[in-house]
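Visitor: I'd like to know how the labels in a description like this are earned. Can we go through a few of them?

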Amino acid sequence: MPPDDEAKSAHDDPRPSRLRDGGLHLLEWARRRVAPPPPGNAVADLVEGRSDEEIEARRGLPRAAVRGVRSFYDGVARPTEACDGTACHFAGGAALAERLRAGGAVGAVRCLGHCYAAPSYRRGDSVVARPIGEALEGWLETAPSAAGAPPIPRRSLVEPPVVLRNLVGAGRRSALEEYDLPGGEAILAAIAETGLRGRGGAAFPTAAKWRAARDAEAGPRYVVANGDEGDPGSYVDRLLLEEDPHAVLAGMLACARAIGARHGIVYVRGEYPRARAAMGEAIREARRAARIGAEFDVEVVSGAGSYVCGEETALLNSIQGLRGEPRPRPPYPAEHGLWGRPTVVQNVETLAVVPWLARTGRGSGTKAASLSGAVARPGVVEVKLGTPLAQVLEEGGGGAAPGRRWRMALVGGPMGRVVPASRFAVPVSFEALPGMGHAGIVVLDDSVSPRALAEHLFRFAAAESCGSCTPCRVGTSQLASRRDRASLERLLETIEIGSLCGFGAGVPRPIRDLLEHFGEEVLG
């Protein structure tokens, strides 16, 4: 990049994913390193407030790389930010932001994982959220000086619970008992026998991924827990990271034994500071108890504000201190992942159920759903896969909130599904609702029009596209201007087919659902 252009954002560069130093592509530079750098990465250095010059010297990175990383992440600075996730947006988020502006500049964050207590905002590392059931108008008066947020409600519609086994009911194990695991071959056989699939969205068979990493070329292997739970409406991973971290760590240990890894990383999104602290403390406890450390050790890496980093290859780039842009696949991370080595990237909820499956050899067939919006009892609810959505909302969420009439639900976040109230009999399962992701369910009442939801989704897509590929970068910026159905559908097809990663492929999904169920109401 010419010297005069060094300070430009990478999004202004016609080659945003090709930050170069002396002609060497940055991703190739990272992959050719003989060993990982010292602890931490350039992203963490930026969050800590280090200058570009310090990071260049500390990490051996070219200046263009440091500038590119700084321009990519939203959370390098920590101003006051009002949440604009779906639940907060439709629960008075704009009024909250306006109230906060009386005290100074206010930014926006896409989700803080407090959807059950919407709306919410953060000051530095502290999140403030409306107490459940408190009237919005009264709370807004005190919101700028308020402190804290209510805990996450949780309940199970299955017995015994598996995902929430240590958080509800009487059958809780001591934290360190989670590490009582069989050997690697027995673990892999149990995971295969139970048919466990990833709980982060793709629903890929877990045993197949682990076998691919185990059978890859000899050398170091890594286990990565994907705690970048960015889908607005989902907060089950936050619950597990903060309140049952040893179940997650034990799941990582089980994976390590199965694939032959000695090092693991828990990647926690920057919006979850309590989760980051809880995981760090759990790692220290497990080391003191000799449950991890010698055989397999773990560290925590924090994100810095990017939805796309939930995509596994973008997450790996972020861990390596790079811009969190997705990599072309193949090769897949199980063969060529972190630092070019075989890597299993697994969702937090998936890892949390692994110790139970490995010990019992029984499949759980359950999923933890996050409920928010127009329900009487928001919170995390463990349900049997295949349970009708209406039953989940009635029994798990207590039905409609007083005075609210359901119109639709967004299931799985902005890349998920829109289900009208007339179809709430649909089963909550990967087969019936492909794209349901983490199963974050935001229920919207009849005060929310289909057009209002569409515009919210359009803004999210345009803001969170990483900009690496043209169909997504340009296409998402044009969604809101397309008021003709044929034109909008052509644009959706272009984004879906031409995009590099699952972000662009997923953007059209809820918009198409809206068009199918509400037709011209979506076009405004």
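Guide: Sure, starting with one term: a cavity is a set of grid points where a 1.4 Å probe fits but cannot get out, and a residue lines it if an atom lies within 4 Å of a point. Keep in mind that this is a predicted model.

Visitor: Which residues line the second largest cavity?

Guide: The lining consists of V308, S465, C466, G467, S468, C469, C472, S499, L500, C501, F503 and G504. The space inside comes to about 70 Å³.

Visitor: How many cavities of 30 Å³ or more are there by this rule?

Guide: The count is three.

Visitor: What makes the lining of that second largest cavity nonpolar, polar or charged, class by class?

Guide: Cys counts as nonpolar and Gly as polar, so C466 and G467 fall into separate classes. The tally for this lining is seven nonpolar, five polar and no charged residues.

Visitor: Now the helices. Why is α9 called oblique to α13?

Guide: The axes of α9 (residues 236-243) and α13 (residues 348-360) cross at roughly 50° and come within 9 Å. Roughly parallel needs an angle under 35 degrees, and roughly perpendicular runs from 65 to 115. The crossing of roughly 50° fits neither, therefore α9 is oblique to α13.

Visitor: Which residues make the contact?

Guide: From α9 there are V236, D237, L240 and L241, and from α13 there are V348, E349 and A352. Asp and Glu count as charged, so D237 and E349 are the two charged residues here. The other classes hold five nonpolar and no polar residues.

Visitor: What is the volume of the largest pocket, and what lies closest to its centre?

Guide: A pocket is an open set of points, unlike a cavity, where the probe cannot get out. The largest pocket holds about 1200 Å³ of space. It has 45 lining residues, with G200, G201, A202, G310 and E311 closest to the centre. Elements giving two or more residues are α8 (206-214), β11 (343-347) and α18 (502-506). By class, the lining divides into 19 nonpolar, 15 polar and 11 charged.

Visitor: And which element gives the most to the lining of the second largest pocket?

Guide: That's α5, with four residues. This pocket has about 550 Å³ of space and 28 lining residues, with A118, R130, G373, A401 and R404 nearest its centre. Arg counts as charged, so R130 and R404 belong among the four charged residues of the lining. The rest of the lining is 19 nonpolar and five polar residues.

How values were computed
Residues are numbered from 1 along each chain as its sequence is written. This is a predicted model: local features need pLDDT of at least 70, side-chain atom pairs count only at pLDDT 80 or more; totals for chains, interfaces and linings use all residues. Side-chain values use heavy atoms; hydrogens and water are left out. Axes are lines fitted to C-alpha atoms, for helices over the stretch in contact, and angles run from 0 to 180 degrees between N-to-C directions. Angles under 35 degrees count as roughly parallel, over 145 as roughly antiparallel, 65 to 115 as roughly perpendicular and the rest as oblique. Contact means heavy atoms within 4.5 Å. On a 1 Å grid over the protein atoms alone, a cavity is a set of points where a 1.4 Å probe fits but cannot get out, and a pocket is an open set with protein on both sides within 12 Å along at least five of seven lines; lining residues have an atom within 4 Å of a point. Grid points are joined across faces, edges and corners, and a volume is the space filled by probe spheres set on the points.
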